[in-house]
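Let's take a walk through this model, starting with one helix and working out to what surrounds it. Keep the 3D view open as you read.

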Amino acid sequence: LALEDREAQDKFLRQHVNLLDVECARLLKNEAIQAMRRDNQTAQQVAALIFEMARLTGSNIHQGYALWAEAVITSLGIGDFEGALRTYDEALSLFGEADDELSRSTIQIIPSVSCPQYSSSASRTLCRSADGTSPKVVA
């Protein structure tokens, strides 16, 4: 992230592909979500790095984290809740394929507790606010 030029970032990832583990993807996902609170463009750039990392490693878990970050940005940053739900479902599927039950559960646990009326997929992350008027997505 210290490298501002996207080409330099991609080159760095290619040169250090052996260091791109699940923890790195998880931390970048968290960084993308934090960045979204400040600036959607930066958040999208961080998510793009995770997608590049997933492409380089071929890891479904990395791809899942990229999709998770994208879903949060799409819902909370852009306000496209339906698009975010589709993206959450894609991430859940990838975590399932990779037998990553921790990530699969984590992406769902907070919404499950706060919105028990949604029971089977990432669609449970779409809840109504306290006033019942505007949806919110919990990640």
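**Helix α5 and its surroundings**

This is a predicted model, and a good place to begin is helix α5, residues 81-97. Its 17 residues should span 24 Å at 1.5 Å a residue, and that agrees with the 24 Å between its end C-alpha atoms.

Now look at the two ends. At the N-terminal end, Asp-80 acts as a cap, with a side-chain oxygen 2.9 Å from the backbone nitrogen of Gly-83. After α5 comes Asp-99, which has a positive phi, near 55°.

Along the helix itself, the buried residues are Phe-81, Gly-83, Ala-84, Leu-85, Thr-87, Tyr-88, Ala-91, Leu-92, Leu-94 and Phe-95. An α-helix has 3.6 residues a turn, so residues three or four places apart point the same way.

Where does that lead? To the largest nonpolar core, which has 29 residues; Tyr-65, Trp-68, Phe-95 and Ile-107 are the ones that touch the most other members. Two or more residues come from each of α2 (22-36), α3 (40-57), α4 (60-78) and α5, and α4 gives the most, with nine. Pick out Tyr-65 and, leaving out residues up to four places away in sequence, you'll find that it touches Val-22, Ala-25, Arg-26, Lys-29, Ile-50, Phe-95 and Ser-103.

One last stop is Asp-100, in the loop between α5 and α6 (101-114). Which residues is Asp-100 in contact with, beyond its neighbours within four places in sequence? They are Ile-61 and Phe-95. Asp-100 is buried but has no salt bridge, and Arg-104, the nearest side chain of opposite charge, is 9.2 Å away.

Notes. Residues numbered from 1 in each chain as written. Predicted model: local features only at pLDDT ≥ 70, side-chain atom pairs only at ≥ 80, totals over all residues. Heavy atoms only, no water. Helix = DSSP H or I, 4+ residues; strand = E, 2+ residues; numbered from the N terminus. Expected span 1.5 Å × (residues − 1). Buried < 20%, exposed > 50% of the residue type's maximum accessible area, 1.4 Å probe, protein only. Polar contact = N/O pair within 3.5 Å; in protein donor to acceptor, adjacent residues only side chain to side chain. Lys, Arg positive; Asp, Glu negative; His and termini not counted. Salt bridge = Lys/Arg side-chain N within 4 Å of Asp/Glu carboxyl O. Contact = heavy atoms within 4.5 Å. Core = buried A, V, L, I, M, F, W, Y, C linked by side-chain atoms within 4.5 Å.
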